[in-house]
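Here are a few notes to read alongside the structure. Have it open and follow along point by point.

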Amino acid sequence: MNQATIPARIFGALLLSSLACLPAHAATVTAGGVEFTGSGFLTVAAGKVVGGDPETNILGYSAPLFVADYGQAGIYEKNQGWSLAPDSKLGLQGTAKFSPQFSVTTQAVVRGAHNGYTDLEWLYGSYRVNDKLTVQVGRKRLPLFYYSESQDVGLSMPWVRLPPQAYGWDIVNYNGANLLYQDQWGDWSSSAEFFFGDEKRHDNPYQRIYNGKHSKTNERWSNIVGGDLTISRDWFEARFSYVQSDWEYWGDAAQGKAKQQFYAAAFNADYDKWVVRTEFSYVNRRETFENDFAQLVAVGYRIGKWLPMATYANYNGNYIDNTAGFLNGDASEKHTTRALSLRYDLTASSDVKVQYDWWRDRSGPNGPVQGNPRLLSLSYDLVF
């Protein structure tokens, strides 16, 4: 038995056995004047690399390999066969409401990609100033993209996983404070947020994808400042966001620091039976001579409880020659994924999905290589 598959099998067995003891719905209990509400989510996903170029070993990974989750280093490798680890997870969250104005929320997630270790994703206090304005302090998701806040909740998305080209970033949380403002502008509903903070990841799993499976690299985003705006009306929703920070990394393979700016926009529609998801982002890291562009376009059509969908996601990471001042194609990272997915809603709180992905690598000769993998995956999602 390959040792790499042992944690995945153990984790899969734990997830499957946990189904029997999950509650049917979120529970609310009041004690000592405090109202406690608990809920959770589960994804049991299995995937297998079923084809690709005959690469053998890339930075300690068996290729062709499919990077399913950059932020957590969830990777399907050719020699694993079927694997439960990269996309499976179990999350629990709870809120303690001390008064109509003040509450504390926490969320913990157990991941197959981390061999069953638990990550604290949320721990923040909320104070409701009035019907429109809320102040929050603590640990939260970094709202870079449309699905950032719900990225672990499989039921919230039409795919088995978020398209990695559009959601492949190294920091997914921050510690700080934010102001949340919600209002109604005529026929439009709106939500705006301003936030600041920082985050440090020791032995960041994201960096292993680029520096080696057994490498260790620490990373810090400091002086994070950003904002986002979401507006919606009837069947249409649009979201715009901007984030900037200081960026620093150090470890076995490399070290560096720079300033960075993130710009993102999403335009989504649920019109009659049609489902459309689009997202576009640009990242400016010019101090390290890097520019990154990502695009996501997905179209689906509901047929009763079924949702078939076709998805295209693209990532272009270019490095600028710091002497000549032009884009250096030799060191570029460029790849696309085309996916066909099918979702079936079992109930209002559960679904099953099947998905087939084609990864096409277009990187320069000195850029990262995955071996053009093709991935077949299945999943079961539940919220409770």
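1. Start on the surface of this predicted model: Trp-235, Phe-240, Phe-267, Tyr-271, Trp-274, Phe-280, Val-297, Val-299, Tyr-301, Ile-303, Trp-306 and Tyr-312 form a nonpolar patch with about 1100 Å² of accessible area together. Patch members have over 30% relative accessible area and no salt bridge (Lys or Arg side-chain nitrogen within 4 Å of an Asp or Glu carboxyl oxygen), and nonpolar side chains are joined within 5 Å. Areas are Shrake-Rupley values with a 1.4 Å probe.

2. Strands E15 (255–271), E16 (274–285), E17 (290–301) and E18 (306–320) each give two or more residues to the patch, and E17 has the largest share, three. Strands here are DSSP runs of at least two residues, and helices of at least four. Phe-267 sits in E15 and is partly exposed at 31% (partly exposed lies between buried, under 20%, and exposed, over 50%).

3. Now look inside. The largest nonpolar core (buried nonpolar residues joined through side-chain atoms within 4.5 Å) has 28 residues, with Ile-224 and Phe-262 among those with the most contacts inside it. E15, E16, E17 and E18, which feed the patch, also each supply at least two residues of this core.

4. Beyond its sequence neighbours within four places, Ile-224 is in contact (heavy atoms within 4.5 Å) with residues including Leu-142, Phe-195 and Val-243. Another core, apart from the largest one, has 16 residues, among them Ile-58 and Tyr-206.

5. Overall, the protein has two helices and 21 strands, and 49% of its 384 residues are buried.

6. On reading the numbers: residues count from 1 along each chain, and side-chain values use heavy atoms, without hydrogens and water. Local features need pLDDT of at least 70 and side-chain atom pairs 80 or more, while totals for chains, interfaces and linings use all residues.

Terms used
Buried < 20%, exposed > 50% of the residue type's maximum accessible area, 1.4 Å probe, protein only. Patch = residues over 30% accessible without salt bridge, like charges linked within 9 Å, V, L, I, M, F, W, Y side chains within 5 Å.
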